[in-house]
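Please open the model in a viewer and keep the selection panel at hand. The tour proceeds by selections, each followed by an account of what is found there.

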Amino acid sequence: MKRYFANKKAIAVFVAPALLLFLIMVFYPLTQMFVKSFYAWNGLSTGKFIGLDNYIRLFDDTVFQTSIKNGLIFSLFITVFQISIATVLAIAVSNIKIKGRNFFRIAYFLPVVLSITVVCQLWLSVFNSEYGMLNRLFELLHMDYAQDWLSDRHKSIYVIAFVNAWQYMGYHFALLLAGIKSIPKDYYEAAQIDGASTVEAHRKVTLPLLSETYKFCLILSVTGGLNAFTNMYIMTGGGPGTSTYTLTYMMYSSAFRAYEYGYGMSAAAFLVIECLIATLVINKLVARERITY
Amino acid sequence: MTMQNTTLQLRKPRKNTTGNILFKMGLWLYAMISLYPIIWMLFYSLKTNEEIFVSNPFGFPTSFQWVNYARALSEYNVPKYFFNSVIVSLGTVSLTILISLMFSYATSRMHWRGQHFARLFVSLGMFIPVQSILIPLAVLVKNLHLSNNYLTLILPYTAFNIAFSSMVFYGFLRSIPIELEEAAFLDGAGIFTTFFKIIVPNLKPAISTLIIFTFLQAWNEFPIALILITDNALKTLPLGLLFFQGQFTTDWGAMGAAMIIASFPTVVLYIFFSNQVEKAMTIGGAIK
């Protein structure tokens, strides 16, 4: 048997494509990203080593500060929106007494399968100041909220975050629903016999037992928020001004608009470290809660 | 309340309290928030500008303007983008599945030095945000003269998907009894025959799950396509449909039609196979 499983030729054929592709297309660019963040580089020549200059410049850059702040706002907004709504909806749909559960499931999940371009442009037409659905609706109801939704320096980041949260809420909903379904029914019956109300039963049974799922949801939405790019690229182009820049957007515009590749990479390196820290912190925090239970 | 629940009802009488009604209204309200914008888009893809902007912005189209769809297909390059998306998605799916299957088989079943290191190394891919390596990737693709053909997208998409799908296959492979292969070897089959005739068929459920997952990823991917594709003839749908970029569009009918066409494959896939799609999309949560 060993003869078959130690077949050198077969091993090479099986392993080489994956390893090579990963090395060339993912790992090599990753190392380049860190290395070149210490260079002044326009993407063409080999560039000039300048030590920490890119990073020093980064911390003085007001656009960088805006980008960090927006990443945090975006993360916080989508995390709270998605996970709180997804929790309530998943618990509701898991209840067999609710009628039309399949309809609700499909309704909540459908935006997830749409392309982000379609979603962003759909919401651009909803938020359109002249003809958009939202302003027309306010007009119809004689309410005074009609406005140009994406041209306010302070509000537009929330508007964009809402669009992202709207699209991916269903993803968290499906994750939690799958988690709830895997919890044995006896747990709830036991809680009910002990006289717990439905809300109490879910708080004492569902939430603690789903801590692994919540950890996954949290990592996904927090790092997804820090990485945000496409939503602002399509909906505002980072504007008005630079008010909806994020780290990825900053990297994109330094590299492909200002041709400062090295500077863009220092923003990217910062982003990777930020995501890593967020993941570690979430792992720690959620693990600790599980012990208390 | 239905009859089956009488035992629970005896212990805890539950009526349609105000709280309950409010709760149900909440469920409907969010369903509306989730669905109505999409339906609204479907409606305006079938309306005239006069209806969209003036007379009937919210409701059902008064007469179906299929001409919007004809215009989307003839004037906005939608068939070309659609075709590109199909090629790129199918290419990515087949390459990802094949490469990951082989890799996870070699790392889980076969014996060689460094097999654990190789597996862990490739699984790093799951923790690297795609966005962070866009610049070096763009430079690399340019230097390799890979620009402007279908492989420009298929290779990076595959490279990014290998980590996740290898991990999923690895998990499934460990649950297949080794006796299956032993029997095949005793019958005189070689390792490649055994792999394709015994292992691959046994992994069908995992393969179909990953086909759905990878397809959706590739069909909807945006940032890599944005950075790597400059030739209009190679743009995939997410890139080709950027109506609001550059020029301001007033042709909402055709824009809506183009977006409906672009969403059609994934929405139909989801409606018909909703359980499988949800399972595929959330498999990451089950594995962690």
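Begin by selecting T213(A), Y214(A), K215(A), F216(A), C217(A), L218(A), I219(A), L220(A), S221(A), V222(A), G225(A) and L226(A), the buried residues of helix 11 of chain A. The model is a predicted one. Extend the selection to residues 211-226, and the whole of helix 11 of chain A is highlighted. Twelve of the 16 residues in this helix are buried, so that helix 11 of chain A is mostly covered. From its first C-alpha to its last, helix 11 of chain A reaches 22 Å, close to the 22 Å expected at 1.5 Å a residue.

**Chain A as a whole**

Now select chain A in its entirety. Its secondary structure comes to 14 helices and two strands. The C-alpha trace of chain A spans about 75 × 70 × 35 Å along its principal axes. Chain A has 293 residues, of which 45% count as buried. Consider also the contacts in chain A between residues at least 6 apart in sequence: 71% of them join residues at least 24 apart.

**Where the two chains meet**

Display chain B beside chain A. How many residues does each chain bring to the contact? Chain A provides 69 residues and chain B provides 73. On the side of chain A that touches chain B, helix 2 of chain A supplies the largest share, with 16 residues. That side of chain A is made up of 54 nonpolar, 13 polar and two charged residues.

Next, select residues 8-36 of chain A, which form helix 2, together with residues 151-173 of chain B, which form helix 8. The two axes come within 9 Å and cross at roughly 120°. Helix 2 of chain A and helix 8 of chain B are therefore oblique to each other. Their crossing is left-handed. To see the contact itself, show the side chains of A18(A), L21(A), F22(A), M25(A) and V26(A) on helix 2 of chain A. Opposite them, on helix 8 of chain B, show L155(B), P156(B), T158(B), A159(B), F160(B), I162(B) and S166(B). By class, the residues of this contact are ten nonpolar and two polar, with no charged residue.

**A loop beside helix 8 of chain B**

Keep F160(B) displayed and add M126(B); the C-alpha atoms of these two residues are 7.8 Å apart, although 34 residues separate them in sequence. M126(B) belongs to the loop between helix 6 (115-123) and helix 7 (134-143) of chain B. Is M126(B) buried or partly exposed? M126(B) counts as partly exposed because it has 13 C-beta neighbours inside 10 Å, whereas a buried residue would need 20 or more. Add A163(B) and F164(B) to the selection: M126(B) is in contact with both, its neighbours within four places in sequence being left aside.

**Helices 5 and 11 of chain B**

Select residues 78-108 and 204-220 of chain B, which are helix 5 and helix 11 of that chain. Their axes come within 9 Å and cross at roughly 140°. This angle makes helix 5 of chain B oblique to helix 11 of chain B. The crossing of helix 5 of chain B past helix 11 of chain B is right-handed. The residues to display on helix 5 of chain B are S85(B), V88(B), S89(B), T92(B), V93(B), T96(B) and I97(B). On helix 11 of chain B the partners are I207(B), L210(B), I211(B), T214(B), F215(B), A218(B) and W219(B). Nine residues of this contact are nonpolar, five are polar and none is charged.

**Helices 9 and 10 of chain B**

For the last stop, select residues 179-186 and 191-202 of chain B, helix 9 and helix 10 respectively. The axes come within 10 Å and cross at roughly 155°. Helix 9 of chain B is thus roughly antiparallel to helix 10 of chain B. The crossing is right-handed. L180(B), E181(B), A184(B) and F185(B) of helix 9 of chain B make the contact with T194(B), I198(B) and N202(B) of helix 10 of chain B. These residues divide into four nonpolar, two polar and one charged.

Finally, select A183(B), which also lies in helix 9 of chain B. A183(B) counts as partly exposed, having 13 C-beta neighbours inside 10 Å. A distance drawn from the C-alpha atom of A183(B) to that of L137(B), 46 residues away along the chain, comes to 45 Å.

Notes
Residues numbered from 1 in each chain as written. Chains lettered and ligands numbered in written order. Predicted model: local features only at pLDDT ≥ 70, side-chain atom pairs only at ≥ 80, totals over all residues. Axes fitted to C-alpha atoms, helices over the stretch in contact; angles between N-to-C directions. Helix = DSSP H or I, 4+ residues; strand = E, 2+ residues; numbered from the N terminus. Parallel < 35°, antiparallel > 145°, perpendicular 65-115°, else oblique. Left-handed = near helix turned anticlockwise from the far one by under 90°. Contact = placed C-beta atoms within 7 Å. Nonpolar A, V, L, I, M, F, W, Y, C, P; charged D, E, K, R; others polar. Expected span 1.5 Å × (residues − 1).
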